[in-house]
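Q: Can we go through the labels on this model and check what earns each one? Keep it casual, but show the reasoning.

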Amino acid sequence: MLHAEWTKFRTVLGWVAGMGVATLLVVLVALLAGVSSDQKGSPPVPIGPGGEAVTDTCYFVHQPLAGDGSVTVAVSALDSSIPQGLGDLRPGVVPWAKAGLIVKESTRQGSPYAAIMITGGHGVRMQDNYVNDRAGLRGPVSAASVRWLRLDRSGDTITGYAGTDGTNWAEVGTARLSGLGSSVQVGLFVASPQVVDGMGTTGSVSTAAFGDLRLHGGWTGGEWTGELLGDHSPSFAGFPGNGSGSFTQSGGRFTVTGAGDIAPAVRETLPTGGTLNDILTTGTFAALIAVIVVGALFITTEYRKNLIHVTLAASPRRGRVLLAKAIVLGAVAFVAGLVGAVLAVPLGARLARANGVFIFPVTPWTEMRVALGTGALLATASILALCIGAIVRDSAAAVTSVIGAVVLPYLLIANPFMPASVANWLTRVTPVAAFAVQQTLVQYPQVASHYTPYQGYYPLVPWVGLAVLAGYAVAGLAVAAVVLHRRDA
């Protein structure tokens, strides 16, 4: 039966050509995306120890530590300001504003680090190597509620502690920073990331008050050096010190002002960046239309030419006929999508990078998942079209129904003004949820951003998103089998 259905498929030139068109659409649209993008002159994006894109900008007051040692400080204030006009600042709470102690391999952006800090709205945290985050003491810091922080270095192991009195300590976390040299940069830092609201994102400035700074171990005894890590140009009106940040020192007390963030990069922090999702999604969407048309015609043609009775006479077990058609169609569509993705990803990414576009790095396993997922997405959609065609027995109605179920939600989530709640709902319950299989970006709870499908962040993990479309296809198979059994004699 599989051989018979395969023979039918390969002998109809239009169906074979339709699958070839699907492959070409994936590739050609990816190439057009790479060629049309031009971001030459964009600043380079730091890459963290794990190969991920990161943001690494803060004001850093530091001196070298040779060998093992520790540093302790009391933080009595963390205040933030948010620009509201030309040079005007207003007080505000920046939940992920950070102030504390940091051990950094060097001042190079993207270098390994571990830090213990207080935040504007999430209490004490220990973070390391940009992606790791652990919670400590809760509550805000103030003159009446001082937070004591301590970092200990022993070889490559950094341990962070927090307390309320400078005597009793609670361990917050431990980080192992591979490859630390004998000398590292240690000191105070302040970072103040962008504020996210319904209107967009706005930069911020934060100032922290440190006191009772204590050093133990292999400190050189030199002067404290203050510098802004990262881009020194002001990103918005009101940045302190004309874009350089600042610190003042009086005895063991420091006042440090800074901006930026030390964290994994997300889409909004790198507005010039692109992803594999950007390269593939539009082409995949166009290819979907092609495979949906072929999928519907694969069975409705038999109704139109009154050949379905011949097929069912030769193979009376109707469910097996439908299953054989689904297997053949799905296999061909899968190969078409897989070949298209395997060609499109490296070619599109190479062209985009040649035009200065930063592409968020992914692991080989992620790239493989995206390619396999693209093939599975086209295969599942074609099977759904086959099932609808068996139910309605009309090519135009079947194609219109399936394309409408995919196109309308896709167009809605592709609208940047669509509320996030609506977009997330659509990408949970409609067939367009399957596009999650192509996502490569990661949502980080410690980074405030608009995590929406328009930005490339889907609410479902990749294979679960594909499973939503598969659920529709399985339901369609079941209904089509029942209809085929009861109606077509």
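A: Sure, starting with the salt bridge: the term is for a side-chain nitrogen of Lys or Arg within 4 Å of a carboxyl oxygen of Asp or Glu. Keep in mind that this is a predicted model.

Q: What makes Arg267 and Asp278 a salt bridge?
A: The closest N and O atoms of Arg267 and Asp278 are 2.7 Å apart, and the cut-off is 4 Å, so the pair qualifies. Arg267 sits in the loop between strand S18 (262-264) and strand S19 (273-274), while Asp278 belongs to helix H3 (residues 276-304), so the bridge ties together parts 11 residues apart in sequence.

Q: Why is Arg267 called buried?
A: Its relative accessible area is 13%, and buried means under 20%, so Arg267 gets that label.

Q: And what about its partner, why does Asp278 count as partly exposed?
A: Asp278 comes in at 32% relative accessibility. Buried needs under 20% and exposed needs over 50%, so a value in between is partly exposed.

Q: How do you know that Lys104 and Asp56 form a salt bridge?
A: Their side chains meet at 2.9 Å, N to O, and the limit is 4 Å, so they pass. Lys104 is in strand S4 (residues 98-104) and Asp56 in strand S1 (residues 54-56), so this pair ties together parts that are 48 residues apart in sequence. Both Lys104 and Asp56 are buried.

Q: What makes Lys325 and Glu302 a salt bridge?
A: Here the closest N and O atoms are 2.4 Å apart, again to be set against 4 Å, so the label holds. Lys325 in helix H5 and Glu302 in helix H3 are 23 residues apart, and the pair links distant parts of the chain. Lys325 and Glu302 are both buried. They also belong to a network of salt bridges with Glu5 and Lys8. Over the whole structure, the search turns up 11 salt bridges.

Q: Why is Ser382 called buried?
A: Ser382 has a relative accessible area of 0%, and the cut-off is under 20%, so buried it is. You'll find Ser382 in helix H6 (residues 364-392). Leaving out residues up to four places away in sequence, Ser382 touches Val291, Gly295, Leu329, Gly330 and Ala333. Ser382 and Ala296 are 86 residues apart in sequence, yet their C-alpha atoms are 7.6 Å apart.

Q: What makes Leu343 partly exposed?
A: Its relative accessible area is 41%, which falls between 20% and 50%, so it takes the middle label. Leu343 is in helix H5 (residues 318-354). Together with Val335, Val339 and Leu347, Leu343 forms a nonpolar patch on the surface, with about 310 Å² of accessible area in total.

Q: Which residues touch the most other members of the largest nonpolar core?
A: Phe9, Met19 and Phe435 do, in a core of 69 residues. Helix H3 gives the largest share, 14 residues. Phe9 is in contact with residues including Trp15, Met19, Phe298 and Leu329, leaving aside neighbours within four places in sequence. Another core, of 40 residues, lies apart from this one, with Val103, Ala114, Val124 and Leu180 among its members.

Q: How much of the chain counts as buried?
A: Of its 489 residues, 52% do. The secondary structure of the chain comes to 9 helices and 20 strands.

Key. Residues numbered from 1 in each chain as written. Predicted model: local features only at pLDDT ≥ 70, side-chain atom pairs only at ≥ 80, totals over all residues. Heavy atoms only, no water. Helix = DSSP H or I, 4+ residues; strand = E, 2+ residues; numbered from the N terminus. Buried < 20%, exposed > 50% of the residue type's maximum accessible area, 1.4 Å probe, protein only. Contact = heavy atoms within 4.5 Å. Patch = residues over 30% accessible without salt bridge, like charges linked within 9 Å, V, L, I, M, F, W, Y side chains within 5 Å. Areas by Shrake-Rupley, 256 points an atom, 1.4 Å probe, with all protein chains shown as cover. Core = buried A, V, L, I, M, F, W, Y, C linked by side-chain atoms within 4.5 Å.
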